[in-house]
Amino acid sequence: MDGQVKVAVIYYSATGITYQMAQSAVEAAGEAGAEVRLRKVRELAPDEAIRSNSGWQAHRLETQDVMEAEPDDLSWADVVMMGSPTRYGMIAAQLKQFIDTTGPLWANGLLADKVYTGFTSTATSHGGQEATLLSLYTVFYHWGGIVVTPGYTDPSQFVAGNPYGASHTSNNGEIAPDHVALAATALTAKRAVLTGAALKRGMVG
């Protein structure tokens, strides 16, 4: 449909926690009227490492039909949501590797003036959720993007507690995202879509 917001949800997930959050983002963006692409980034870990972890191996099989992200997904989208588990307060190497392929798009100004946001998960409490999101947003600032966060724009955010983006503590992958984390992800997605729609109508900027 003419004027429909296009959303790319691009994520990395080893055992499925961040993938579940990505699914919540896809559903919420669709409910908000967007056309949505779900894309995983390419796995970099060796097969033997993946096979040594039953959850990792099972998740790879579960998502084998999810298409891998390409730079074209970024140029296509009006709104980009990126998700990653934290790695020492930063995004996972798999997502960073994908970001590092975007130089030609950036150099041609094709990543500017889009809406960007993020979501993350950690193994432990205070495990770097906010730092991971802020490090991801630094990329978006370099691109000239418009970063949209959930803030404290809904009463649920006073429970979720992270104004920078959706996040979840998985206890080393043992606890799936609960309704609080999924609601925060959905809120983030809907705010991003609404902002993207306003940009397309010329109401922002």
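This section describes strand β3 and its pairing partners, followed by the surroundings of Thr18, in a predicted model.

Strand β3 spans residues 79-87, and 8 of its 9 residues are buried. The strand is therefore largely enclosed by the rest of the structure. Pairing with three other strands was found for β3, namely β1, β5 and β4.

Two of these pairings are parallel. Strand β1, formed by residues 6-11, is joined to β3 in the parallel sense through 5 bridges. Within this arrangement, Met82 of β3 lies opposite Ile10. Strand β5, which comprises residues 115-122, also runs parallel to β3, and 7 bridges link the two. Here Thr117 of β5 is the residue opposite Met81.

The pairing of β3 with β4 has the antiparallel sense. Strand β4 consists of residues 90-91 and is connected to β3 by 2 bridges. In one of the pairs, Arg87 has Met90 of β4 as its bridge partner. Strands β3 and β4 form a hairpin with 2 residues between the strands, and in this hairpin Tyr88 adopts a positive phi near 55°.

Attention is now turned to Thr18. This residue belongs to helix α1, which extends over residues 17-31. The relative accessible area of Thr18 is 2%, which lies under the 20% cut-off, so the residue is classed as buried. When residues up to four places away in sequence are not counted, Thr18 touches Tyr12, Ser13, Gly83, Ser84, Pro85, Phe119 and Ser121. Among these contacts, Gly83, Ser84 and Pro85 fall within the residue range of β3, while Phe119 and Ser121 fall within that of β5.

Definitions and conventions:
Residues are numbered from 1 along each chain as its sequence is written. This is a predicted model: local features need pLDDT of at least 70, side-chain atom pairs count only at pLDDT 80 or more; totals for chains, interfaces and linings use all residues. Side-chain values use heavy atoms; hydrogens and water are left out. Buried means under 20% relative accessible area, exposed over 50%, partly exposed in between (1.4 Å probe, protein chains only). Helices (H or I, at least four residues) and strands (E, at least two) are DSSP runs, numbered from the N terminus. Two strands pair if DSSP finds at least two bridges between them. Contact means heavy atoms within 4.5 Å.
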